[in-house]
Every structure is written in structure tokens, then in C-alpha cells.
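Here's a quick walk through one chain, from its surface down to its cores and one of its sheets. Have the viewer open as you read.

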Amino acid sequence: MRIAIAGAGNVGRSIAQELIDNGHQVMLIERQPKMLRPDRVPAADWVLADACELASLEEANLAGCDVVVAATGDDKANLVVSLLAKTEFAVPRVVARVNRAENEWLFTEQWGVDVAVSKPRVMAALVEEAVTVGDLVRLMTFRQGEANLVEITLPPTAPYVGQPIHAVPLPRDAALVAILRGKRVLVPSPDDPIEAGDELIFVCTAEVEDDVRAVILGADSVERTRGAS
């Protein structure tokens with residue numbers, strides 16, 4: 001994919017390097033000359049420009065990008081970049097960094113944001129994911145709540161432990177997309193059995209999260225979770 005990243009600070013450069021390592025073409029857009037450090041990510045295309053200016057984005061051919069990442073340290077700038085990317089250049093996927101938690105409510109489709117990434121939210125999700133067995137943990141929200149990435153770590157008592165994936169009656173609008181087993185990441189196939197301790201990663205709508213929890217952990221798991229909260 002061709003990906004543009006607005007903001008070449010530590011966050012922007014880290015994202016760029018990882019995407020390049022995964023085989024993507026990356027353009028870093030930075031408005032401060034002192035932050036223009038091509039030697040830090042030499043495989044990226046570096047552009048000295050203000051990503052909040054329409055003319056600069058036209059010159060950088062933002063319309064040719066598959067993804068735009070608004071990764072500056074300024075929430076106002078990230079919102080402007082997101083809005084321009086979506087409305088003026090019809091970029092299919094816009095990911096925006098949220099720097100201040102109190103601004104998170106602004107990062108919606110109305111501002112062109114498909115995925116908002118808030119450090120506190122991600123950190124909380126990772127903490128929950130690391131310590132929670134036998135419950136559903138929401139890791140990320142896509143398209144402003146239309147779909148979520150959720151994780152369930154299977155306890156030994158889960159009803160479908162030892163059974164193949166095709167035997168698990170997942171609800172509509174839910175898909176098992178990965179299994180983390182020890183240090184391995186498995187792409188699920190229908191005949192693969194699930195095991196105690198597996199971390200199951202699903203994409204599902206918010207409306208069916210309770211149904212996924214009930215299927216994977218047992219019918220009484222929803223009541224247990226609500227009773228504990």
C-alpha cells in the first residue's frame with residue numbers, strides 16, 4: 001500500500017519504519033525543517049510541507065494514497081488532516097492519533113476519521129488483555145463503533161475447548177480472524193481445534209459482543225460479567 005503519515009516525530013517515524021518493514025511504500029510529511037530527518041527512516045519519501053494545507057497535499061499526491069495517518073502531536077492538526085484526506089482526496093482509510101483524551105469525542109466520521117487511536121485507551125486494552133482470562137476484552141473500535149476488535153483468552157472450562165472451529169456457532173456479524181497460541185499467530189481454518197489458553201481475536205459488531213461471549217465462554221458468562229461490574 002501507499003501510505004502517507006503527517007508528522008515525523010517519534011510516533012510518525014516509528015509507524016513509518018514498521019510499515020516499511022512490512023513492505024509498504026511510506027511518505028512522511030513534516031512542516032518543521034528541524035524535524036526533517038531522512039537518515040532516521042531512509043526508505044521513506046520525505047516531504048517538507050504543511051499537511052493542513054490543501055495545496056501541499058495536492059502536490060504530495062495524497063489522492064494516490066491507500067491510507068493516511070494523522071500522527072502529529074496536535075489534535076487540531078490531526079483533525080484537519082483527516083478531514084482533508086477524506087473529503088478532498090477520498091482516501092479510503094484514515095487513521096488519526098488522539099493526543100488528549102478529552103478530545104477523543106471529536107475524532108469521528110464527521111471529521112473523516114475511520115480509526116482513532118488514543119494512547120490511554122490502547123494501554124488500558126493491552127493491560128486488560130494481559131491479565132484477563134475468561135472474558136471479552138475490546139482492543140479497538142473501527143468506523144466509530146460499527147465494528148470492534150475483541151479478544152477472549154480461553155479458560156479450560158470453555159465449552160468448545162478441544163473442538164474444531166467449524167463446530168463453534170458464531171453469530172452473524174462476527175468473525176474469528178486470528179488465534180494467538182504461545183508465541184505463534186495462527187490463521188484459523190475450519191478444522192483447527194481451539195485449546196485452553198488460546199487468545200481468540202474476533203472482529204464483530206458491538207451488538208453481537210454478548211452473543212460471542214456467550215458462545216465462547218458459556219451462556220452464563222454475560223450474567224457473571226455484569227454481576228462483577
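## Surface and overall make-up

The accessible surface of the chain comes to about 12,000 Å², and carbon and sulfur atoms hold 55% of that. Bear in mind that this is a predicted model. Of the 229 residues, 44% count as buried.

In secondary structure terms, you get 6 helices and 11 strands. Looking at contacts with a separation of 6 or more, 54% come from residues 24 or more positions apart.

## Two nonpolar cores

The largest nonpolar core has 24 residues, and Ile-29 and Leu-62 have the most contacts inside it. Elements giving two or more residues to this core are strands S1 (2-6), S2 (25-30), S4 (67-70) and S5 (93-98), plus helix H3 (75-87). H3 supplies the largest share, 4 residues.

So what does Ile-29 touch, leaving aside neighbours within four places in sequence? Its contacts include Ala-4, Ile-5, Val-47, Leu-57 and Leu-62. Apart from this core lies another one of 20 residues, with Leu-176, Leu-200, Val-212 and Leu-217 among them.

## The five-stranded sheet

One open sheet has 5 strands in the order S7-S8-S11-S9-S10, paired antiparallel. S7 (136-142) and S10 (184-186) sit at the edges with a single partner strand each, so one side of each has no neighbour in the sheet. From one strand to the next, the twist averages 20 degrees.

S8 (147-153) and S11 (199-204) pair over 6 bridges, and Val-150 has Phe-202 as its bridge partner in S11. Helix H5 (209-217) packs on the sheet, touching S7, S8, S9 (174-181) and S11. The direction of H5 makes about 20 degrees with that of S8.

How values were computed
Residues numbered from 1 in each chain as written. Predicted model: local features only at pLDDT ≥ 70, side-chain atom pairs only at ≥ 80, totals over all residues. Heavy atoms only, no water. Buried < 20%, exposed > 50% of the residue type's maximum accessible area, 1.4 Å probe, protein only. Contact = heavy atoms within 4.5 Å. Areas by Shrake-Rupley, 256 points an atom, 1.4 Å probe, with all protein chains shown as cover. Core = buried A, V, L, I, M, F, W, Y, C linked by side-chain atoms within 4.5 Å. Pairing = 2+ DSSP bridges. Axes fitted to C-alpha atoms, helices over the stretch in contact; angles between N-to-C directions.
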